[in-house]
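Biologist: Please take a close look at the charged side chains of this model, and explain to a first-year student how one decides which of them pair up and where the partners lie.

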Amino acid sequence: MKVLLVNKYHYIRGGSETYYFGLAELLRNAGHEVIFFAMEDARNLPCAQSPYFVSNVEFNGKQSVAAQLKAAARMVYSLEAKKKFSRLIKDEKPDVVHINLFHRVLTASIIDAAKKHGIPIILTMHDLNILCPNHTMLAHGEICEACLYGNYWHCVRRVCFKKSRLKCLMAAIESWYNKRSGLYGKINLIITPSAFYEGLLKESGIYNNRILHLKNFLPDDTQYGVNERGSYVLYYGRLSWEKGLMTLLRAMRQINAKLLIVGSGPMDEKIQSTIVDYHIENRVELAGFQTGEALRKSLHGASVVVIPSEWYEASGYTACEAQAAGKPVVVTSAGGLPENIIDGVTGIVCPMMDEDALAEALNRLLEMNDEDYQNMAQDAVINAHGLFDARQYADRIVWEYEKLTMGGT
């Protein structure tokens, strides 16, 4: 079987790209052929299909009015993407199209192209762009479901996307077009990494075809096992507002342990200044972006991994990876995050935006005796292997592909 995997970015940027490249490896290992479609970027990994990739588009930064209008039109429907995607389909003749992130760059046009060629379409829902123009269901730091039922004017009125009313208008128009054009009805199957996302999607009423809740997977070569108990709290991921890092830093004033922050993002400078303001320089270390062996070393040296998110997370790869390495996890009740741990058994779930509850949860794990800690670590490994096994995922996704190519639903 030949599978066409689609994603805005063809380099590791976040969880959706981890899934995108990981799925490609799973499919290849199972004997299937994989091809790609994405956006041009200097950071892209080498790819034989890169001549088909759509040109890069910039929505951020200062732009002329003409440039903004051009970007606005393209983010709704890209004729360039449709043309290149159609050519790729004609040349490569894939059996199925599996889409990941596509809004604002690849656009609805690629779904029209796949539908025109009669190719089954699967979408994995990594964020909330189907339901919310700003894709996070956050408005000025607070959870917001105002656009859930299709009134996207709320985004413009609240100016909740990139602090720009014009960009909010652009995003709202895209959402309105996708809904009015029946875009999502052209997708044969939507996969949600969490039951929480499945529930939101059903409640919105925007999609009436089949929804499959299928948890994300860890790489096929993941080493499941308990490591030595480390000495510090670890956060690793993107340094952005919705990740709850300000709450975490406030909580650190109540914790007598080191916090290692691994990652980069728009909050770099704010985090540095806040550490100084809170006088916790001796307990918080910023390690910058890490991957591969450096990240594994940081993870193995941790006692506890924390995910203090303050938005509706789809799943949270960090919680999966940490448990596989035998690390207890503290997560907030954010979207699908609580579904990936067993509260009190493999970690602790605490409320969002509650620094006292977060500090209490972290201190509880840090002060746990060695026997109880080892039991929790072992339970974390068992939980991770049961929920995130790659081969089980590969078997199920290939079965779904085959069913769709044979005309099933």
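Modeller: K186 has a relative accessible area of 23%, so it counts as partly exposed. This value, like every other one here, comes from a predicted model. K186 forms a salt bridge with D112, with an N to O distance of 2.5 Å. The two partners belong to distant parts of the chain, 74 residues apart: D112 is in helix α4, whereas K186 is in the loop between α6 and β7. D112 has a relative accessible area of 18%. Because buried means under 20%, D112 falls in that class, and K186, at 23%, does not.

A second pair may be read in the manner of this one. E355 and R250 are joined by a salt bridge of 3.0 Å, again taken from N to O. This bridge also links distant parts of the chain, here two helices: E355 belongs to α12 (residues 355-366) and R250 to α8 (residues 245-251), with their positions 105 residues apart in sequence. E355 is partly exposed at 23% relative accessible area, and R250 is likewise partly exposed at 24%.

The third pair consists of R104 and E174, whose closest N and O atoms are 3.4 Å apart. R104 lies in the loop between β3 (96-99) and α4 (109-116), and E174 lies in helix α6 (residues 165-180); the salt bridge therefore ties together parts that are 70 residues apart in sequence. R104 is buried, since its relative accessibility is 6%. E174 is buried as well, with a relative accessible area of 1%. The 3.4 Å separation qualifies as a salt bridge because the cut-off is within 4 Å.

These pairs are examples from a longer list, for a search of the whole structure finds 19 salt bridges. Salt bridges may also be joined to one another: R210, R396, E400 and K403 are linked in a network of them.

For contrast, one may turn to nonpolar side chains. W153, L166, L169 and I173 make a nonpolar surface patch of about 370 Å². Helix α6 gives the most to this patch, with 3 residues. L169, found in α6, is partly exposed at 36% relative accessibility. Helix α6 thus holds E174, a buried partner in a salt bridge, and also contributes to the nonpolar patch on the surface.

Note on methods: Residues numbered from 1 in each chain as written. Predicted model: local features only at pLDDT ≥ 70, side-chain atom pairs only at ≥ 80, totals over all residues. Heavy atoms only, no water. Helix = DSSP H or I, 4+ residues; strand = E, 2+ residues; numbered from the N terminus. Buried < 20%, exposed > 50% of the residue type's maximum accessible area, 1.4 Å probe, protein only. Patch = residues over 30% accessible without salt bridge, like charges linked within 9 Å, V, L, I, M, F, W, Y side chains within 5 Å. Areas by Shrake-Rupley, 256 points an atom, 1.4 Å probe, with all protein chains shown as cover.
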